[in-house]
Amino acid sequence: MKIKQILSIVLISAGTSVLSVWGYGKWIGGNNNSYSATDGKIPANYANFVDASGNVAAPVDFTQASAAAAPAVVHIKTKTMQQRVNNNRRGNGGFDDIFGDFFGYGPTVIPEQRASGSGVLISEDGYIVTNNHVVSNGNNGIADEINVTLSNKKTYKAKVVGNDPGSDLAVLKIDGKNLPFVLYGNSDNIKIGQWVLAIGYPLNLETTVTAGIVSAKARSLGINQRQANPTNVIESFIQTDAAVNQGNSGGALINTNGELVGINSAIASPTGYYSGYSYAIPVNLVKKIVNDLMKFGSVQRGYIGIQYPNELLSDDQKKANGIPEGEGVYVMEVVPGGAAQDAGIKKGDIITKINGSNTYSGPEMVGKIASYSIGEKVAITYLRNGKEYTTNVTLKNGSNTLAAVKGSVLDKMGAEFVNLEASKAKELGIKGGVVVKGISSTGLIADQTRMKNGFIILKAGNSPVTSVDELKAALSKAGSSTILEGIYLNVEGIFSYGLNELDR
């Protein structure tokens, strides 16, 4: 009896299981449309990813882009000689410096420094774009020696055509012909999620290519303020997760067509090495800066003349300041006499487009405006009381004028400059120099240095100076900043003074 009961229970259980599985399958089959595309339709947001047959786009091949661009990316090595840097204390004559040396707070000796980075050839006759910090001497000046090595191991001496700390860009020149160079792309067309390649010479290795995607645009990190006046800083970085390390600075960020879309500039890392994100200067901004440096020796920066809120404001802070939520750039103030005021833009307006291109943040707006020159007209779209308007704004310089700053750089110094007498030069055992006299209470020298009357300028940046004409020429090519090096009579040592805003 027990055996029959057991068999009955087994048969009933088996039958129940079969019916349960069959029923569940029928139920799933009748309801699966809730979890997949209806009738095989492809969502509009997948239109460029999946074709009509449901096939996913073919994988991207990086080999051709790498082969095309890598030969145009160069290795840059610099050397800065030992320097004595002045402590910039005010005093009378040379006595303050003498006692400063005695008590240990006088000129500081900085030992010889060597550094390396990357650069990108942009012409067949040897023009190279790189980061300003790659060729800097670490004291707002330019390294004494700059050597460039191509991927074929050929080495050249390079000279600086111009540099701009505010954008962290510099242009170099080597003597060569029929050199490989990259083609410019269009950074405005870069999209989030797009594949990009970083090419450079990290950690003193040979040519290295890494891949990643664009993870964000128009990032502002505040890092360029370390080497430039905050009013001249431009930051609107392309953020990627391509591996970039020390030595990649100044190298190329390219798209899968082999076109240059950015100049690699920085990494976000707690250790100083790659740990997640890297940042590149958009090529559309690079083109503008490079053209200005090659044409004028400094950057002719245009402004629209508004103030906008800090991107780090919380929602509560925005509400307290009457700043509406949503995308766009809120105009907090309009600079009197500026380009925006002339075009009718007012406090409280929200800028949404620059030349028809959507603009979501202050850094993005600054990056776009920086790609235009003084005197150019830019179409700006803005919201006012819920209505959209578009006006043409003629960009001005920082002084709210339509012309670029003109005149000799010496005029901004606030001092007199005379050639060192030939007899005194012979006595000192030098070829010549420029004596600084009559330093006024206004001007770049008084504002930024502790230079004293009688200082003899022997070098400006990396250019030797033996006359006022040579000083003027060196300063006109220096970009926005340089280092003046020289001596005082009867005071031992070389003194250095950093100057910024030469192009203001």
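**Exercise 1. Which residues does K477 touch, leaving aside those up to four places away in sequence, and is K477 buried or exposed?**

*Solution.*
Step 1. Leaving out residues up to four places away in sequence, K477 touches V161, G162 and G297.
Step 2. Now place K477 in this predicted model: the residue sits in the loop between helix 11 (468-476) and strand 28 (482-488).
Step 3. Check the distance along the chain. K477 and V160 are 317 residues apart in the chain, yet their C-alpha atoms are separated by 8.6 Å.
Step 4. Turn to accessibility. The relative accessible area of K477 is 54%, and exposed means over 50%, so K477 is exposed.
Step 5. Look at one of the partners again: G297 follows helix 5 and has a positive phi, near 85 degrees.

**Exercise 2. In what order do the seven strands of the open sheet lie, and which are the edge strands?**

*Solution.*
Step 1. Read across the sheet: the order is 7-6-1-4-5-9-8, with antiparallel pairing.
Step 2. Find the strands that pair on one side only. These are strand 7 (155-157) and strand 8 (159-164), the edge strands.
Step 3. Add the twist: on average, neighbouring strands of this sheet are turned by 30 degrees against each other, with direction ignored.
Step 4. Recall the background: strands of a sheet pair through backbone hydrogen bonds, in either a parallel or an antiparallel way.

**Exercise 3. How many bridges join strand 5 to strand 9, and what are the bridge partners of I128 and V129 in strand 9?**

*Solution.*
Step 1. Begin on the strand 4 side. Strand 4 (residues 113-121) and strand 5 (residues 127-130) pair in the antiparallel sense over two bridges.
Step 2. Pick out a bridge there: L121 has I128 of strand 5 as its partner.
Step 3. Inspect the hairpin of these two strands. Five residues lie between the strands, and G126 takes a positive phi near 105 degrees.
Step 4. Move to the other pairing. Strand 5 and strand 9 (residues 169-173) run antiparallel and are joined by four bridges.
Step 5. Name the partners: I128 is bridged to L172 in strand 9, and V129 is bridged to V171 in that strand.

**Exercise 4. Which residues have the most contacts inside the largest nonpolar core, and which helix gives the most to this core?**

*Solution.*
Step 1. The largest nonpolar core has 50 residues, and those with the most contacts inside it are L121, V129, I146, V148, L150, L172 and I174.
Step 2. Helix 5 (residues 283-296) gives the most to this core, contributing six residues.
Step 3. Apart from this core lies another, of 26 residues, which includes V409, I457, V468 and Y497.
Step 4. Take I174 as a sample. Not counting residues up to four places away in sequence, its contacts include L121, I128, V148, L150 and L179.
Step 5. See how helix 5 is placed: the helix lies across strand 5, strand 8 and strand 9, at about 55 degrees to strand 9.
Step 6. List its buried residues: V283, N284, L285, V286, K288, I289, V290, D292 and L293.
Step 7. Finish with a length check. At 1.5 Å a residue, the 14 residues of helix 5 should span 20 Å, and the end C-alpha atoms are 19 Å apart, which agrees.

**Exercise 5. Is K368 buried or exposed, and what does its side chain reach at 2.5 Å?**

*Solution.*
Step 1. Locate K368: the residue is in helix 8 (residues 362-369).
Step 2. Apply the cut-off. Buried means under 20% relative accessible area, and K368 has 13%, so K368 counts as buried.
Step 3. Follow the side chain, which reaches the backbone oxygen of N358 at 2.5 Å. The K368 side chain also makes a polar contact with the side chain of S357 (2.9 Å).
Step 4. Complete the surroundings: beyond four places away in sequence, K368 touches I354, S357, N358 and T359.

**Exercise 6. Where do N178 and L203 lie, and what is the sign of phi in each?**

*Solution.*
Step 1. N178 is in the loop between strand 9 and strand 10 (183-184). Its phi is positive, near 55 degrees, in a residue other than glycine.
Step 2. N178 counts as exposed, at 68% relative accessibility.
Step 3. L203 lies in the loop between strand 11 (195-200) and strand 12 (208-219). L203 is not a glycine either, and has a positive phi of about 55 degrees.
Step 4. With a relative accessible area of 43%, L203 is partly exposed.

Technical notes. Residues numbered from 1 in each chain as written. Predicted model: local features only at pLDDT ≥ 70, side-chain atom pairs only at ≥ 80, totals over all residues. Heavy atoms only, no water. Pairing = 2+ DSSP bridges. Buried < 20%, exposed > 50% of the residue type's maximum accessible area, 1.4 Å probe, protein only. Polar contact = N/O pair within 3.5 Å; in protein donor to acceptor, adjacent residues only side chain to side chain. Contact = heavy atoms within 4.5 Å. Core = buried A, V, L, I, M, F, W, Y, C linked by side-chain atoms within 4.5 Å. Axes fitted to C-alpha atoms, helices over the stretch in contact; angles between N-to-C directions. Expected span 1.5 Å × (residues − 1).
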